[in-house]
Amino acid sequence: MALTAVLYTFEIQLAQVESGVYETLSLRVPMHPSEAAEYFVTRLLAYCIEYVEGISFSRGLSDPQEPTISVRDLTGALRAWIEIGAPDAARLNKASKASPRTVVYTHRDPATIGRQLAGEKIYRGSSVEFYALDRGLVNDVAQRLERRMKFDLSFADGVLYLVLTGNTLSGSVEQFYPVASQ
């Protein structure tokens with residue numbers, strides 16, 4: 001018997017200080033049985049950091065040809081392809097060709113990603129944006145995951161602040177550059 005995804009429901013008070021986005025998000029996010037909690041949390045946090053009109057999660061592992069998170073304009077044109085974790089060079093090459101903006105958020109060691117992508121050809125490789133989320137923050141949130149969660153999330157000056165059940169967690173979001181121009 002195949003395992004099914006577990007559905008998580010989030011109520012998030014979001015504040016993106018630099019971009020002036022202040023929203024209440026009500027999200028229902030499935031977690032596939034093979035998805036690690038840290039990956040899932042990184043996916044959720046990346047969605048919040050990138051939140052703009054037209055953002056959406058893909059259908060996940062059921063449609064691996066699509067971005068993990070995408071941003072589309074009102075015509076349906078792809079504006080941003082957002083990946084999570086450590087995508088390979090072929091996937092980033094495809095993303096760079098398909099979208100004017102390609103972004104990667106990872107909970108993994110940036111040096112490992114740099115070694116993995118070293119010498120690989122990626123279309124517009126130098127324009128791909130890479131961000132490393134604080135691994136301690138990701139692990140803290142992953143350990144506190146519940147099927148229904150309410151929290152406040154603020155993002156300012158490269159730092160995430162998450163207020164969850166009276167506890168404030170924080171961690172950096174640091175840009176890194178593992179890919180050379182192609």
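In which strand does Glu 83 lie? In this predicted model, Glu 83 belongs to strand 5, and the legends below start from this residue before turning to the sheet, its helices and its aromatic pairs.

**View 1. Surroundings of Glu 83 in strand 5.** The relative accessible area of Glu 83 is 4%, under the 20% limit, and the residue therefore counts as buried. Its side chain makes polar contacts with two other side chains, that of Trp 81 at 2.6 Å and that of Arg 91 at 2.9 Å. When neighbours within four places in sequence are left aside, the residues in contact with Glu 83 are Glu 66, Pro 67, Thr 68, Arg 91, Val 103, Val 104 and Tyr 105.

**View 2. The open sheet of ten strands.** Read across the sheet, the strands follow the order 2-1-8-9-10-7-6-5-4-3, and their pairing is mixed. Strand 2 (21-31) and strand 3 (55-57) form the edges; each has a single partner strand, so one side of each remains without a neighbour in the sheet. From one strand to the next, the twist averages 25°.

**View 3. Strand 1 between strand 2 and strand 8.** Strand 1 (residues 6-16) pairs with strand 2 in the antiparallel sense, over eleven bridges, whereas its pairing with strand 8 (residues 148-156) is parallel and runs over eight bridges. Along the antiparallel pairing, Ile 12 stands opposite Leu 25 of strand 2, and Glu 11 stands opposite Ser 26 of that strand. Glu 11 also has a bridge partner in strand 8, namely Lys 150. The hairpin of strand 1 and strand 2 has four residues between the strands, and in this hairpin Gly 20 adopts a positive phi near 70°.

**View 4. Helix 2 and helix 4 against the strands.** Helix 2 (residues 89-98) lies across strand 5 (78-84), strand 6 (102-106) and strand 7, and runs at about 165° to strand 5. Helix 4 (residues 135-143) also packs on the sheet, where it touches strand 7, strand 9 (159-164) and strand 10. The direction of helix 4 makes about 135° with that of strand 10.

**View 5. Tyr 8 and Phe 10, a stacked aromatic pair.** The model contains eight aromatic pairs. In the pair formed by Tyr 8 and Phe 10, the ring centres are 6.2 Å apart and the planes stand at 10° to each other, which is under the 30 degrees required, so the pair counts as stacked. Both residues are buried, Tyr 8 with a relative accessible area of 11% and Phe 10 with a relative accessibility of 1%. Tyr 8 and Phe 10 form one aromatic cluster together with Phe 40 and Phe 151.

**View 6. Phe 130 and Phe 176, a tilted aromatic pair.** The ring centres of Phe 130 and Phe 176 lie 5.4 Å apart and their planes make an angle of 50°, so this pair is classed as tilted. Because Phe 130 lies in strand 7 (residues 129-133) and Phe 176 in strand 10 (residues 167-176), the pair ties together parts that are 46 residues apart in sequence. Phe 130 is buried at 1% relative accessibility, and Phe 176 is buried with a relative accessible area of 11%. The two strands that carry these rings, strand 7 and strand 10, are both touched by helix 4.

Methods. Residues are numbered from 1 along each chain as its sequence is written. This is a predicted model: local features need pLDDT of at least 70, side-chain atom pairs count only at pLDDT 80 or more; totals for chains, interfaces and linings use all residues. Side-chain values use heavy atoms; hydrogens and water are left out. Rings of Phe, Tyr and Trp (its six-membered ring) pair if their centres lie within 6.5 Å; planes under 30 degrees apart count as stacked, over 60 as edge-to-face and the rest as tilted. Buried means under 20% relative accessible area, exposed over 50%, partly exposed in between (1.4 Å probe, protein chains only). Two strands pair if DSSP finds at least two bridges between them. Axes are lines fitted to C-alpha atoms, for helices over the stretch in contact, and angles run from 0 to 180 degrees between N-to-C directions. Contact means heavy atoms within 4.5 Å. A polar contact is a pair of N or O atoms within 3.5 Å; within protein, one must be able to donate a hydrogen and the other to accept it, and residues adjacent in sequence count only if both atoms are side-chain atoms.
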